[in-house]
Amino acid sequence: MLYSCFYRNKLRKQYNLVGGGCGDCLRHCCCETCALTQEYRELKNRGFDLSIGWHANVERNQGLAMAPVVEKGMNR
């Protein structure tokens, strides 16, 4: 549970996802399966093929492992 909670936090930081540490830990404490399913869907929607492993995905899709570039907000 602790490892997957740490991984979820890392995933949030990498992709600038909304949420926080306390809520993440509670999700993994109360329903580990639900939390892992959410993380799986997030990576799958970003184009990862989880059946081949992390390293193979990084090699296959160099741009996917990096956080997307965020455009600047509105300027005056």
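This report describes helix H1, the residues it buries, and the salt bridges of a predicted model.

**Helix H1**

Helix H1 runs over residues 2–15 and comprises 14 residues. From its first C-alpha to its last it reaches 20 Å, close to the 20 Å expected at 1.5 Å a residue. Six positions of H1 are buried, namely Ser 4, Cys 5, Arg 8, Leu 11, Arg 12 and Tyr 15. They lie on the same side of H1, because they cover an arc of only 115° around the axis. In an α-helix there are 3.6 residues a turn, so residues three or four places apart point the same way. The other side of H1 carries the exposed residues Leu 2, Tyr 3, Phe 6 and Lys 13.

The buried residues of H1 pack against two helices, H2 (21–30) and H3 (32–45). After H1 comes Asn 16, which has a positive phi, near 50°.

**Salt bridges**

The whole structure contains 5 salt bridges. Three of them are listed below by their N to O distances, with the pairs named in each row.

| Salt bridge | N to O distance |
|---|---|
| Asp 24 – Arg 8 | 3.1 Å |
| Arg 12 – Asp 24 | 2.9 Å |
| Glu 42 – Arg 46 | 2.7 Å |

Asp 24 forms a salt bridge with Arg 8. This pair links distant parts of the chain, since Asp 24 belongs to helix H2 and Arg 8 to helix H1, 16 residues apart. Arg 8 has a relative accessible area of 7% and is therefore buried. Asp 24, at 0% relative accessibility, also counts as buried.

The side chain of Asp 24 also meets that of Arg 12 in a salt bridge. Here too the pair links distant parts of the chain, with Arg 12 in helix H1 and Asp 24 in helix H2, 12 residues apart. Arg 12 and Asp 24 are both buried.

The salt bridge between Glu 42 and Arg 46 involves partly exposed residues: Glu 42 has a relative accessible area of 24%, and Arg 46 has a relative accessibility of 26%.

**The network and Glu 39**

Salt bridges link Arg 8, Arg 12, Asp 24, Arg 27 and Glu 39 in a network. Within this network, Glu 39 is placed in helix H3. Its relative accessibility is 5%, so Glu 39 counts as buried. Apart from its neighbours within four places in sequence, Glu 39 is in contact with Ser 4, Tyr 7, Arg 8, Leu 11 and His 28. Among these contacts, Ser 4, Arg 8 and Leu 11 are buried residues of H1.

How values were computed. Residues are numbered from 1 along each chain as its sequence is written. This is a predicted model: local features need pLDDT of at least 70, side-chain atom pairs count only at pLDDT 80 or more; totals for chains, interfaces and linings use all residues. Side-chain values use heavy atoms; hydrogens and water are left out. Helices (H or I, at least four residues) and strands (E, at least two) are DSSP runs, numbered from the N terminus. The expected span of a helix is 1.5 Å times one less than its number of residues. Buried means under 20% relative accessible area, exposed over 50%, partly exposed in between (1.4 Å probe, protein chains only). The arc is that of the directions from the helix axis to the C-beta atoms. Contact means heavy atoms within 4.5 Å. A salt bridge is a side-chain nitrogen of Lys or Arg within 4 Å of a carboxyl oxygen of Asp or Glu.
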